[in-house]
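Here are a few exercises to work through with a structure open in front of you. Try each task on your own before you read the solution.

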Amino acid sequence: MAIPKVCGIETEYGILVRGADNNPVSASSLLINAYLHTHMRKVGWDFGGEHPGNDARGFSLGDGFAPDVELHLVNAVLTNGARYYVDHAHPEISTPECLDAREVVVWDRAGEQIVRASMHAARAMLPDDAEILCHKNNSDGKGNSYGCHENYLVSRDVPFGRIVSQITPHFVTRQVVVGAGKVGCELPGMDFDEVPFQISQRADFFEEEVGLETTMKRPIVNTRDEPHCDAAKYRRLHVIVGDANMSEVATFLKVGATAIVLAMIEDDEMGDDFALANPVAAIRQISHDPSLKRTVLLRSGRRLTALDLQWGLLERARKYERSRGLVSVGEAVGAEVLDSWESVLTGLESDRDSVADVVDWVAKQRVIEGFAERHGLRSADPRLKAVDLQYHDMRVDKCLADRVGLRTIVDNDEVTHAMTNPPTTTRAYFRGRCLAKWPGNVVAANWDSLVFDVGRDPLRRVPMMEPLRGTAEHVANLIDSSDTAAELLQRLGA
Amino acid sequence: MVERTQKQKPVSSRAEDDVVEAPASTVTGEKLKAELDDLLDEIDGVLETNAEDFVKSYVQKGGQ
């Protein structure tokens, strides 16, 4: 039986400084520090300055997330269990571990609000005319891309080769449902206006079917094997092929449908008959065809459209729901995902306007085409690219996605709460609550452990190797009733 | 869809169809167009004043 699809999203935001030195690395640091100073009791720590592992019994830093951290850069863990840091030359937020797709939407939206609060806080630290702008997008239109990655818990028992071959058809075709849309083409060798509008932000940047890279020669299936939990039992599938979504329903479907497809693969209910002859060519070709009419070649010799393939996957998921149930993705959430998936496919097929309130690329295309017609613009006009960029603009007074009538599925109070509170359903609860209650005692945190300093040597490490231990159900009473971190540790037996 | 169906019908039945179908589709179509017009008005108001420069200055370092 498929294991629970614990999941989360990491988003690298585009960043631009106006009216001051436009160095994206220092701007990202300033942005995050401004937030930490303004909104947290204690500035987030720099893991590079701390070496808790040297003092703690049985602690090996090597199994934390040290390898992918640039140690001199800002790197904070928030009380909602999220990680907020500078990655390469972008501010990045990883949501806390969530139990289902709906929770991911809540904490992804909370991440947007944290970035907005950070932009506001940063203004006070910049000269009067200067400001930092952030965009929740994935490319600058000039060939530079940055990611929005998803993560899913998968059983170690599943042969990785099966995951690669059976998830690829979904990764190539899901863009018709969850693509964020893009003006212009960034594929090397093609002119910008050769593709006036395409479905995905990211498709132009994928060059391999499978591999370890994330910043060059990007693969459709990424092989990074860094589970951040018990490696003997679990994998973390690190998905780099998606677009950052502004539509809540799109985020919900991106994570929800992928979680279901992974559960099917885990239970060996997926099969290989959707395998594509050339996934890299297909992902670009599908993105470059907003008419959704072109077909791609399957290894079996059949030719299908992306919509045909998505219908096929949905049908298989319905069958899986009937035979095995959707407990691993949350039964109610899973059922909602399937209904929503079906209604989007139906709309894309028969009445495009009917999904302009949930599908990012359709919402964006409608505005781009209307704007071009109104002002008599040709497809290469930079004003159309400006509309594209501004769709993702995090400034409240500039964001176009906030204005196109996208349907919401979570309410603002819930999002505000999630800016400072963790999900109650995963180990993120323990991390977030301990940070909020004992900020002076938690000296290091990563996904699978917390290190406490309670004033006596040595530092104490609390391992969290099980993503579903440390939930509110397990530890809320313990945390509530412990006056000090020392008391908590004593009662934990740590 | 409606338009396509109507084109296939003989001229004599068209008037009858119009009574049933035209109001609904026209209202939806007009509503959508009016909404889009309002939206485009709003976008005209919030779009960067110098969009061309903005697009030119929007250069990012590659990330993951």
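**Exercise 1.** Is A:M464 buried or exposed?

*Solution.* Keep in mind that this is a predicted model. Start with the relative accessible area of A:M464, which is 6%. Buried means under 20%, so A:M464 counts as buried.

**Exercise 2.** Where is A:M464 found in chain A, and which residues is A:M464 in contact with, leaving aside its neighbours within four places in sequence?

*Solution.* First, place the residue: A:M464 sits in the loop between β17 (460-463) and α13 (472-481) of chain A. Next, look around A:M464, skipping those sequence neighbours: its contacts include A:R427, A:F430, A:R431 and A:W447. Finally, check A:H228: its C-alpha is 9.1 Å from that of A:M464, although 236 residues separate the two in sequence.

**Exercise 3.** How many aromatic pairs does a search of the whole structure find over all chains, and how are the rings of A:Y35 and A:Y84 arranged?

*Solution.* The search turns up 2 pairs. For A:Y35 and A:Y84, the centres are 6.0 Å apart and the planes make an angle of 75 degrees. Planes over 60 degrees apart count as edge-to-face, so that's the label for A:Y35 and A:Y84. A:Y35 belongs to helix α1 (residues 24-39) and A:Y84 to strand β4 (residues 83-87), so the pair ties together parts of chain A that are 49 residues apart in sequence. Both A:Y35 and A:Y84 are buried.

**Exercise 4.** What kind of pair do B:F54 and B:Y58 form?

*Solution.* Their ring centres are 6.1 Å apart and their planes lie at 45 degrees, so the pair is tilted. B:F54 and B:Y58 are both buried.

Terms used: Residues numbered from 1 in each chain as written. Chains lettered and ligands numbered in written order. Predicted model: local features only at pLDDT ≥ 70, side-chain atom pairs only at ≥ 80, totals over all residues. Heavy atoms only, no water. Phe/Tyr/Trp six-rings, centres within 6.5 Å; stacked < 30°, edge-to-face > 60°. Helix = DSSP H or I, 4+ residues; strand = E, 2+ residues; numbered from the N terminus. Buried < 20%, exposed > 50% of the residue type's maximum accessible area, 1.4 Å probe, protein only. Contact = heavy atoms within 4.5 Å.
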